[in-house]
Amino acid sequence: MNPDSLPLPPLRRAAALVLLGALALGGAAGCSTAADSTPRTPQEQPQESSPTGTPTATPTSASTATATATATDVGWVQLMTPMNQQAVKLLTLAAARAAEPRVRDFAVRLRTGQEAELDHLRALLTRMGLPGTDVHAGHDMPGMVTVRDLEAARAAEGPAFDRLVLVQIRDHLRQSAQVSRSEITSGGRADARELAAALVTAREASLAELGRLPGAGRALG
């Protein structure tokens, strides 16, 4: 059997996370306590994304669906899934509470895109034979919206709330794009690389739009 094929033992999965962190962060990966992600039920196969992050139909061959996964593939999908889950929680708050209407509208559309991506990430977990549980529960990963971030958002109001959202979502989009670029260049599965490429395209478009929102210049520096 190919040594990089699934299922991977726990130590191999841990190595996958370290590898992906090194790829995304230039050799430095770490985490600290706190997160509240909830595993979801996988849906169907990954597809390309529109600029808002909403996937559009792309055929997936039988050979792609049964391909073996490398450590990079495992690390990427197991990181991107909780990253999107946490971002959706903050975007849900922003859709209801942002002071600036354009920020609320952006949050609504981005949340829709992130939720659609989650369907494809969970489907990829299933095809790779990985559990739907969050292997990052209890950790703060770079770019992850944390429990403390959500608590701070709930306590903030008006322009202060908008600034917090803009900064946190900017960081989420940047980091998840960086990690996904690592999957594109180093991943072994075609379906995972295709989904990573779609996510990068969506994040680049979202970052450009976020930078044009009212208050973004002051909030993002």
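Contacts between residues that lie far apart in sequence dominate this predicted model: among the contacts in the protein chain with a separation of 6 or more, 83% join residues 24 or more positions apart. The chain that is folded in this way has 221 residues, of which 47% count as buried, and its accessible surface comes to about 9,600 Å², with 56% of that area belonging to carbon and sulfur atoms.

The secondary structure consists of 8 helices and 4 strands, and, when the chain is read along the sequence, these elements follow the pattern α-β-β-β-α-α-α-β-α-α-α-α.

One of these helices, α4, can be followed from end to end. Helix α4 covers residues 101-127, which is 27 residues, and from its first C-alpha to its last it reaches 40 Å, close to the 39 Å expected at 1.5 Å a residue. At the start of α4, Glu 100 places a side-chain oxygen within 3.1 Å of the backbone nitrogen of Arg 102, while just after the helix Gly 129 takes a positive phi of about 75 degrees.

From this helix the reader can turn to the interior. In soluble globular proteins, nonpolar side chains tend to be buried together. In this model the largest nonpolar core has 23 residues, and those with the most contacts inside it are Leu 90, Phe 161, Ile 169 and Leu 210. Several helices contribute to this core, with α3 (71-97), α4, α5 (147-155), α6 and α8 (216-220) each supplying at least two residues, and the largest share, 6 residues, comes from α6. Leu 90 shows how such a residue is surrounded: apart from its neighbours within four places in sequence, Leu 90 is in contact with Val 145, Leu 150, Ala 153, Leu 164, Val 165, Gln 168 and Ile 169. Separate from this core is a second one of 21 residues, which includes Val 88, Leu 118, Met 141 and Ala 196.

A last stop is a charged residue in a loop. Where does Arg 189 lie? Arg 189 is found in the loop between α6, which spans residues 158-186, and α7, which spans residues 190-211. Is Arg 189 buried or exposed? Because its relative accessible area is 1%, and buried means under 20%, Arg 189 counts as buried despite its place in a loop. The side chain of Arg 189 also makes a polar contact, at 2.7 Å, with the side chain of Asp 191.

Conventions: Residues numbered from 1 in each chain as written. Predicted model: local features only at pLDDT ≥ 70, side-chain atom pairs only at ≥ 80, totals over all residues. Heavy atoms only, no water. Buried < 20%, exposed > 50% of the residue type's maximum accessible area, 1.4 Å probe, protein only. Contact = heavy atoms within 4.5 Å. Areas by Shrake-Rupley, 256 points an atom, 1.4 Å probe, with all protein chains shown as cover. Polar contact = N/O pair within 3.5 Å; in protein donor to acceptor, adjacent residues only side chain to side chain. Expected span 1.5 Å × (residues − 1). Core = buried A, V, L, I, M, F, W, Y, C linked by side-chain atoms within 4.5 Å.
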